[in-house]
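Let's take a walk through this fold together, beginning with an empty space and working outward to the helices around it. Keep the structure open beside you as you read.

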Amino acid sequence: MADCKICGCTGWFFFITTEGLCRHCAHLVSIDMEQRSRAARASARLADQTLNPQSKITHLDLAVRNLETLADYEKRGIPTPETSAEKTLRKARSERDRLVLRTAREELRDLMLRVRRESEPEGKAALYSDFLRKLQEYGV
């Protein structure tokens, strides 16, 4: 007898699908996968369309979170709507990391110009603190 890959139920009274899921989990997983796949594609599309780096990073973060769940389904042997969620996830993470690095470098150049113009130590410290807060928001 096979166990459900999600809830682990087993027995004579539980029908297991070819994907290895009980009927209840198969229904829930199919809904979840479809919504996450749609959300990942929409987030990636919005990231491509926006010019604002912070918005782009936010959209890529959403795409990565949804793709992580889809990749987890794939690891359990459950086919997903995405052709290869793991490959798409690696690509989205890489794109996000490149964007964060490029954005942080640009903001660092801007910061250094503003720090050179600032004469008060308190003002310089405030500029550095703001920059560190932005880096934390990026997950660096």
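**Starting from the pocket**

The largest pocket holds about 180 Å³ of space. Bear in mind as you look at it that this is a predicted model. Which residues line the largest pocket? Going along the chain, the lining is made of Ala 40, Arg 41, Ala 44, Asp 48, Leu 60, Ala 63, Leu 67, Glu 82, Thr 88, Lys 91, Ala 92 and Glu 95. Sorted by class, that lining comes out as 6 nonpolar, 5 charged and 1 polar. Three helices each put at least two residues into the lining: H1 (23-49), H2 (53-75) and H3 (85-117). Those three helices make a handy route for the rest of the tour.

Take H1 to begin with. Helix H1 runs for 27 residues, and the distance from its first C-alpha to its last is 39 Å, close to the 39 Å expected at 1.5 Å a residue. Its buried residues are Cys 25, Val 29, Asp 32, Met 33, Ser 37, Ala 40, Ser 43 and Ala 47. Ala 40 is also one of the residues lining the largest pocket. And what covers the buried residues of H1? Helix H2 is included in that cover.

For a close-up of H1, zoom in on Ser 43, which sits in this helix. Is Ser 43 buried or exposed? Its relative accessibility is 7%, so Ser 43 counts as buried. Setting aside residues up to four places away in sequence, Ser 43 touches His 59, Leu 62 and Ala 63. Take His 59 from that list: Ser 43 and His 59 are 16 residues apart in sequence, yet their C-alpha atoms are 5.0 Å apart in space. Ala 63, another of the contacts of Ser 43, is part of the pocket lining too.

Now move on to H2. At 1.5 Å a residue, the 23 residues of H2 should span 33 Å, and the end C-alpha atoms are 32 Å apart, so the two values agree. The buried residues in H2 are Lys 56, Ile 57, Leu 60, Asp 61, Ala 63, Val 64, Asn 66, Leu 67, Leu 70, Ala 71 and Tyr 73. Charged residues appear in that list, with Lys 56 and Asp 61 among them. The cover over the buried residues of H2 includes H1, H3 and helix H4 (121-138).

H3 comes next. Helix H3 has 33 residues and reaches 48 Å between its first and last C-alpha atoms, close to the 48 Å expected at 1.5 Å a residue. Buried here are Ala 85, Leu 89, Ala 92, Arg 96, Leu 99, Val 100, Thr 103, Ala 104, Glu 107, Leu 111 and Val 115. These buried residues of H3 pack against H2 and H4.

One residue of H3 deserves its own stop, and that is Arg 96. Its relative accessible area is 13%, so Arg 96 is buried. Leaving out neighbours within four places in sequence, Arg 96 is in contact with Ile 57, Leu 60, Asp 61, Tyr 138 and Gly 139.

That brings us to the charges. How many salt bridges does a search of the whole structure find? The search turns up 9. One of them joins Asp 61 to Arg 96, with the closest N and O atoms 2.3 Å apart. Because Asp 61 lies in helix H2 and Arg 96 in helix H3, this pair ties together parts that are 35 residues apart in sequence. Both Asp 61 and Arg 96 are buried.

Helices H2 and H3 are also joined by Arg 93 and Glu 68: Arg 93 lies in H3 and Glu 68 in H2, so this pair ties together parts 25 residues apart in sequence. Their side chains meet in a salt bridge at 2.7 Å, N to O. Arg 93, at 37% relative accessibility, counts as partly exposed, and Glu 68 is partly exposed at 34%.

Finally, come back to Arg 96, which also forms a salt bridge with Asp 97, where the closest N and O atoms are 3.9 Å apart. Asp 97 is partly exposed, with a relative accessible area of 47%. Put the pieces together and you have a network of salt bridges linking Asp 61, Arg 96 and Asp 97.

Key: Residues are numbered from 1 along each chain as its sequence is written. This is a predicted model: local features need pLDDT of at least 70, side-chain atom pairs count only at pLDDT 80 or more; totals for chains, interfaces and linings use all residues. Side-chain values use heavy atoms; hydrogens and water are left out. On a 1 Å grid over the protein atoms alone, a cavity is a set of points where a 1.4 Å probe fits but cannot get out, and a pocket is an open set with protein on both sides within 12 Å along at least five of seven lines; lining residues have an atom within 4 Å of a point. Grid points are joined across faces, edges and corners, and a volume is the space filled by probe spheres set on the points. Helices (H or I, at least four residues) and strands (E, at least two) are DSSP runs, numbered from the N terminus. Ala, Val, Leu, Ile, Met, Phe, Trp, Tyr, Cys and Pro count as nonpolar, Asp, Glu, Lys and Arg as charged, and the others, Gly among them, as polar. A salt bridge is a side-chain nitrogen of Lys or Arg within 4 Å of a carboxyl oxygen of Asp or Glu. Buried means under 20% relative accessible area, exposed over 50%, partly exposed in between (1.4 Å probe, protein chains only). The expected span of a helix is 1.5 Å times one less than its number of residues. Contact means heavy atoms within 4.5 Å.
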